[in-house]
Amino acid sequence: MSCFVLLFTIIHLLFMQNDQKEIRNVTSISPHRNHVFSIKHNISTGESVYYRSRYKILGQAKETLPDLIQSDLKIDWLVNDVAAVTYQASNGSIQQFVATFGDRGDGMSYYYVGAEIHGRWQSDQLEVRSSSDGILIKQGTKEALFNWENIEQFGTLALVLSKNGEAKWTIALDENFQKSSDTATMAPSGNIILSKAVLTNNQPVKLSFVKE
């Protein structure tokens, strides 16, 4: 019996070693150090599972990313409670997954980010317009309209805008954002964050609401 237990233990340890070689743990801590983003990426299959902390110390699998991944994962904290993950899928396209850890409302009800940012937002070089047609991104003389069928919401804090099956931009609500339904002026206040979906380094841009 003892030989059987020893053999079982050796085989189990070998499987654990193989698992460690095949699984890449990707972890990132938020700027304020109060949120942890974690993904377990299976190198051999390309499958990646997103984990959320439970009881502050335990990790629980929340969902499997929709694409098989063939590149490193690039993580950008757009704000303290929004982490955008950019990667190259197995078909060569650039995709994004966004982990959100907060809320800009009362935390009790769901709301649509696109509706909450309805109107025009500007920075020095970029403009965002959200309307019934979709979201228009204007950069200098170039502009691109993303219809709502190609816009995916994550939690209640972020949107990923795609074109031809590939992620192009991410919009996140800044921590100072207040929904229009929460303000007396019926217009949103605070800022939104716009970030390109690229694997190279890029600087997210803060935009302010412009009254029409």
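Let me start with the salt bridge between the side chains of D76 and K74, where nitrogen and oxygen are 2.4 Å apart, and please keep in mind throughout that what we are looking at is a predicted model. Both partners of this pair, D76 and K74, are buried.

A second salt bridge joins R104 to D81, and here the closest N and O atoms lie 2.9 Å apart. This pair links distant parts of the chain, since R104 sits in the loop between β7 (94-100) and α2 (113-116), whereas D81 sits in the loop between β5 (74-79) and β6 (82-88), with the two positions 23 residues apart. Are R104 and D81 buried or exposed? R104 has a relative accessible area of 9%, and because the limit for calling a residue buried is under 20%, R104 counts as buried. D81, with a relative accessible area of 7%, is buried as well.

The third pair I would like to show is K168 with E166, whose side chains meet in a salt bridge with an N to O distance of 3.4 Å. Here the surroundings read as follows: K168 is partly exposed, at a relative accessible area of 32%, and E166 is also partly exposed, at 21%. As a general remark, side chains of opposite charge can pair when their charged atoms come close. The count of salt bridges for the model comes to five, and the ones I have described are among them.

Let me turn now from the charged side chains to the nonpolar ones. The largest nonpolar core has 46 residues, and those with the most contacts inside this core are F37, I117, V128, I135, L161, I171 and I192. If we take I171 and leave aside its neighbours within four places in sequence, we find this residue in contact with I117, V128, I135, L157, A158, L159, L161, I192, I193 and L194. In general terms, nonpolar side chains in soluble globular proteins tend to be buried together.

Finally, the overall picture. The secondary structure of the protein consists of two helices and 16 strands, and of its 212 residues, 42% count as buried. Among the contacts with a separation of 6 or more, 42% are between residues 24 or more positions apart. As for the surface, the accessible area of the protein is about 12,400 Å², and carbon and sulfur atoms account for 51% of that area.

Terms used. Residues numbered from 1 in each chain as written. Predicted model: local features only at pLDDT ≥ 70, side-chain atom pairs only at ≥ 80, totals over all residues. Heavy atoms only, no water. Helix = DSSP H or I, 4+ residues; strand = E, 2+ residues; numbered from the N terminus. Buried < 20%, exposed > 50% of the residue type's maximum accessible area, 1.4 Å probe, protein only. Contact = heavy atoms within 4.5 Å. Areas by Shrake-Rupley, 256 points an atom, 1.4 Å probe, with all protein chains shown as cover. Salt bridge = Lys/Arg side-chain N within 4 Å of Asp/Glu carboxyl O. Core = buried A, V, L, I, M, F, W, Y, C linked by side-chain atoms within 4.5 Å.
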